[in-house]
Amino acid sequence: MLADGRIPSTVYGAEHFLRLFIKLPELLPASSLAEDQVALLATRVEDVLRFMQLKQQQLFLPQEQYIAAAQAGASATKSLQ
Amino acid sequence: MEETGLIKAPQDGGPLPNSKKGGTKGSSQAAKRTADGTAAPAPQLSLTMPAPLKKQLLDDHDAVVENSKLLPLPRSPTVVEIVQQYVAHVLGRQPSADAEDDVAAGLQLYFDKALVHCLLYKGERQQADQVGLRGLDAELASFMRHMDQLVATHAAILRTELQPMWFIGSASASRHPAVHTSPVNRC
């Protein structure tokens with residue numbers, strides 16, 4: 001949670017969200033999932049990925065719009081005030 | 001890759017398990033017993049990352065890690081908005097999206113709890129501090145508390161077809177000790 005009470009999902013976007021899908025198998029060890037349940041879950045999660053691919057141009061920032069670290073800090077502080 | 005544990009998505013299939021479409025997910029691990037009678041590993045979630053998104057991950061990694069760039073925050077659309085758009089997208093193709101809504105809500109919840117532990121590159125930590133993310137120690141304790149609370153707060157979800165999904169992430173240390181052993185390192 002952010003200091004002002006907001007949650008990260010109201011500040012971060014598709015780039016960080018996409019990283020979650022890489023980590024999801026580790027975060028969900030599935031030790032008590034049946035095989036069919038794992039398959040169903042994978043299907044549902046992959047549907048989200050397909051949506052993100054479909055909307056890739058709208059969701060993700062082009063690399064040239066990334067900013068330098070120093071600039072990012074100032075920008076973030078200002079924008080969240 | 002940096003200390004986040006995020007694995008740079010390789011060109012040959014990404015950091016995700018090498019799952020393939022066609023129903024093989026987890027099948028090699030799902031047998032109840034192996035030939036010698038010992039318990040087989042539980043089936044693991046195996047996701048197929050579309051190639052364009054793999055490239056997106058690589059480009060993002062290169063920008064942040066190799067070129068010391070950062071994403072300007074807040075982003076637009078946010079994760080909340082993406083999840084909302086996804087559910088609306090599903091409702092555009094079918095009359096109900098209850099299951100998809102549950103999954104999307106779960107993903108958002110995991111994102112909120114996992115961000116500082118797993119989803120930031122080292123170069124992004126300072127930016128996270130600047131936008132007001134709590135310190136890692138406090139967040140770690142909060143992370144574990146929330147994981148335990150998920151069972152109670154998402155009781156309805158637990159009764160659905162995806163019941164085990166959120167339960168696993170909410171398991172107590174006694175049931176899933178690995179959850180409580182250095183989540184930062186696990187990520």
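**Figure 1. Crossing of α1(A) and α1(B) in the predicted model.** The axes of α1(A) and α1(B) cross at roughly 115° and come within 10 Å. The crossing of α1(A) past α1(B) is left-handed. On the side of α1(A), the contact is made by A:E15, A:L18, A:R19 and A:I22, and on the side of α1(B) by B:L53, B:Q56, B:L57, B:D60 and B:V64. Sorted by class, this contact of α1(A) with α1(B) holds 5 nonpolar, 3 charged and 1 polar residues. A:R19 and B:D60, both named in the contact, belong together with B:E124 to a network of salt bridges.

**Figure 2. Salt bridge between B:E124 and A:R19.** The closest approach of the two side chains, N to O, is 2.6 Å. B:E124 sits in the loop between α3 (98-118) and α4 (125-130) of chain B, whereas A:R19 sits in helix α1 (residues 14-27) of chain A, so this pair joins two chains. Both A:R19 and B:E124 are buried. The network of salt bridges around the pair links A:R19, B:D60 and B:E124. Side chains of opposite charge can pair when their charged atoms come close. Over all chains, the whole structure has 7 salt bridges.

**Figure 3. Salt bridge between A:D47 and B:R93.** The closest N and O atoms of A:D47 and B:R93 are 2.5 Å apart. Since A:D47 belongs to helix α2 (residues 35-54) of chain A and B:R93 to the loop between α2 (79-91) and α3 of chain B, the pair joins two chains. The two partners are placed in separate burial classes: A:D47 has a relative accessible area of 10% and is buried, while B:R93 has 44% and is partly exposed.

**Figure 4. Salt bridge between B:D59 and B:K55 within one helix.** The side chains of B:K55 and B:D59 meet at 2.7 Å, N to O. Both residues lie in helix α1 (residues 51-66) of chain B. Their spacing is 4 residues, about one turn of the helix. B:D59 counts as partly exposed, because its relative accessibility is 21% and the buried class ends under 20%.

**Figure 5. The largest nonpolar core, with A:M52 and its contacts.** This core has 49 residues, of which A:Y12, A:F17, A:L18, A:L20, A:F21 and A:M52 touch the most other members. Two or more residues come from each of α1 and α2 of chain A and α1, α2 and α3 of chain B. The most is given by α3(B), with 9 residues. Leaving out residues up to four places away in sequence, A:M52 touches A:A14, A:F17, A:L18, A:F21, A:L59, A:F60 and B:L53. Apart from this core lies another, of 8 residues, including A:L61, B:A63, B:V64 and B:L71. In soluble globular proteins, nonpolar side chains tend to be buried together.

**Figure 6. Backbone features of chain B around β1 (69-70).** B:S68 is not a glycine, yet its phi is positive, about 55°. The residue B:S68 is located in the loop between α1 and β1 of chain B. After β1, the loop leading to α2 of chain B contains B:P74 and B:P77. The peptide bond that joins B:L73 and B:P74 is cis, with omega about 0°. A cis bond also runs from B:S76 to B:P77, where omega is near 0°. Most residues other than glycine have a negative phi, and most peptide bonds are trans.

**Figure 7. Element order and burial in chain B.** Chain B contains 8 helices and 1 strand. Read from the N terminus, its elements follow the order α-β-α-α-α-α-α-α-α. Chain B has 187 residues, and 47% of them count as buried. Of the contacts in chain B between residues at least 6 apart in sequence, 55% join residues at least 24 apart.

**Figure 8. A:L40 in helix α2 of chain A.** A:L40 has a relative accessibility of 24% and therefore counts as partly exposed. The C-alpha atoms of A:L40 and A:L27 are 17 Å apart in space, and the two residues are 13 residues apart in sequence.

How values were computed:
Residues numbered from 1 in each chain as written. Chains lettered and ligands numbered in written order. Predicted model: local features only at pLDDT ≥ 70, side-chain atom pairs only at ≥ 80, totals over all residues. Heavy atoms only, no water. Salt bridge = Lys/Arg side-chain N within 4 Å of Asp/Glu carboxyl O. Buried < 20%, exposed > 50% of the residue type's maximum accessible area, 1.4 Å probe, protein only. Core = buried A, V, L, I, M, F, W, Y, C linked by side-chain atoms within 4.5 Å. Contact = heavy atoms within 4.5 Å. Axes fitted to C-alpha atoms, helices over the stretch in contact; angles between N-to-C directions. Left-handed = near helix turned anticlockwise from the far one by under 90°. Nonpolar A, V, L, I, M, F, W, Y, C, P; charged D, E, K, R; others polar.
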